[in-house]
Amino acid sequence: MRYIYILSFIFSSAIIFAQDYVPIDTAVLSCSYFYDFQEDSLDKSSMVSEEMTLLIGRHSSLFLATNQLYRDSVLMALSGEPFNQNGLNKIMPLIQGTTLNLYCVYHIYNNYMANSILFTNYLNKKYLKVIESNKANWKIEANKDTVISGYKCLNASTELWGRKFIAWFTLEIPISYGPYKFCGLPGLIIQISDDKKQHKFTINTVKKIKDKQQTIYYINKDYIEITPEEYVKSLQYYFADLYNRVSSGGMVTFQDDERKAKSLDRIRSKNNNIEKY
Amino acid sequence: MKKNIIKSGLILVVFVLGITYTNNANATEEQCHTVQILCGDSSVNFGLVCGSTYEEYMRNYDEMVSVVCNN
């Protein structure tokens with residue numbers, strides 16, 4: 001809740017955007033999701049959770065980690081602050097406790113580019129972007145329904161990225177958006193999971209944005225465009241490189257060898273990206 | 001937020017101990033700091049966080065905490 005207040009203050013007071021943060025839409029709905037996912041495909045106990053936010057605007061949406069949204073707001077509010085020690089002294093105390101799971105550091109824009117999903121991330125010291133069609137081939141099961149978080153939901157399924165996904169969407173919110181890259185149903189996706197339950201998004205809250213303006217922004221960087229398959233390879237390379245950097249001892253001095261070994265095991269177990277290809 | 005912290009059993013405190021070094025003298029100079037990371041299990045670890053932009057610095061900070069505290 002503290003972050004929501006800070007976020008609201010920052011958004012309402014940040015009139016000037018840095019050149020990097022380009023306003024593209026005004027959010028009318030803010031949806032919070034819990035993303036529960038299994039980092040190690042072979043270990044069901046490796047489930048972790050990250051709170052994510054879907055900002056829905058009049059013609060586009062932005063999906064990102066809630067902590068990332070907060071951090072972006074901090075950077076926007078301090079726009080023009082040169083990157084130096086003084087800037088870090090201002091920013092780092094504000095982001096204490098807002099660390100992100102390394103799988104969830106992306107921004108996903110839907111319809112910012114017409115009929116496309118634009119996925120961006122900073123990985124391996126490069127700004128990367130992936131552009132995909134936002135058309136999915138859903139199969140709606142008209143006779144399957146349930147209630148989730150107070151919303152009457154209908155069932156739909158699709159196959160994407162080497163997985164089968166089962167979605168529950170609600171006609172009570174007739175918006176064709178959803179978490180991550182999922183979209184194209186006649187109502188908001190309330191819950192979606194792959195059939196092995198390794199990646200699951202569940203709605204937490206849905207809030208209309210009336211009084212205060214919340215901008216959907218595009219982070220304008222010199223992105224390198226790659227294919228979805230190349231992105232997955234980049235992610236694999238990133239974790240392999242992280243393993244090597246930690247293993248060589250140049251990055252961290254651990255309290256003891258046992259902790260180092262445990263940390264290396266944990267990095268090695270990050271093998272279950274949502275896109276399998 | 002709280003759910004995540006409670007779920008992972010980690011409460012993190014990161015202290016910036018001081019500037020280790022600064023590369024270049026232009027607007028995009030790299031800042032590096034030795035940080036002390038206390039994880040929820042009371043372990044104390046040290047790491048070097050660097051970056052030449054805020055985004056890069058924050059990413060490396062996340063990486064460091066993730067590696068050290070196993071989250």
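Start by selecting helix 2 of chain B, residues 54-69. If each residue adds 1.5 Å, the 16 residues of this helix should span 22 Å, and the end C-alpha atoms are indeed 22 Å apart, so the expected and computed lengths agree. Keep in mind as you click around that this is a predicted model.

Now colour helix 2 of chain B by burial. You'll find that 13 of its 16 residues are buried, so the rest of the structure largely encloses this helix. While it's on screen, here's a handy bit of background: an α-helix has 3.6 residues a turn, so residues three or four places apart point the same way.

Next, click on B:Cys69, which sits in helix 2 of chain B. Is B:Cys69 buried or exposed? Buried: a residue needs 20 or more C-beta neighbours within 10 Å to count as such, and B:Cys69 has 24 of them, so it qualifies. Add B:Val35 to the selection and draw a distance between the two C-alpha atoms. B:Cys69 and B:Val35 are 34 residues apart in sequence and 13 Å apart in space.

Then step along to B:Asn70, which follows helix 2 of chain B. Check its backbone angles: phi is positive here, near 60 degrees.

Time to zoom out to chain B as a whole. It has two helices and three strands, and from the N terminus on they come in the order α-β-β-β-α. Of its 71 residues, 34% are buried. Look also at its contacts between residues at least 6 apart in sequence: 31% of these join residues at least 24 apart.

Now show chain A too, and look at where the chains touch. How many residues does each chain bring to the contact? Chain B brings 33 residues and chain A brings 33 residues. On the chain B side, the elements giving two or more residues are helix 1 (2-8), strand 1 (13-23), strand 3 (44-51) and helix 2 (54-69). Your starting point turns up again here, as helix 2 of chain B gives the largest share of that side, 13 residues. Colour this side of chain B by class and you get 16 nonpolar, 10 polar and seven charged residues.

Stay with the two chains and select strand 14 of chain A, residues 252-253, together with strand 3 of chain B. These strands pair in the antiparallel sense over two bridges. For one bridge, pick A:Val252: its partner in strand 3 of chain B is B:Gly47.

Hide chain B and look at chain A alone. It has five helices and 14 strands, and its C-alpha trace spans about 55 × 45 × 35 Å along the principal axes. A compact globule of 277 residues would have a radius of gyration near 19 Å, and chain A has 19 Å, which agrees. Among its 277 residues, 34% count as buried.

For the last stop, colour chain A by domain. The domain assignment gives domain 1 (2-224) and domain 2 (227-268), with their C-alpha centres 26 Å apart. Where they meet, five residues of domain 1 of chain A are in contact with eight residues of domain 2 of chain A. Which strand gives the most to the domain 1 side? Select residues 126-133 to see: strand 6 of chain A gives three residues. By class, the domain 1 side has three nonpolar residues, one polar and one charged.

Key. Residues numbered from 1 in each chain as written. Chains lettered and ligands numbered in written order. Predicted model: local features only at pLDDT ≥ 70, side-chain atom pairs only at ≥ 80, totals over all residues. Contact = placed C-beta atoms within 7 Å. Helix = DSSP H or I, 4+ residues; strand = E, 2+ residues; numbered from the N terminus. Nonpolar A, V, L, I, M, F, W, Y, C, P; charged D, E, K, R; others polar. Pairing = 2+ DSSP bridges. Buried ≥ 20, exposed ≤ 12 C-beta atoms within 10 Å, placed from the backbone. Expected span 1.5 Å × (residues − 1). Domains from an automatic or database assignment. Rg over C-alpha atoms; globule rule 2.2 N^0.38 Å.
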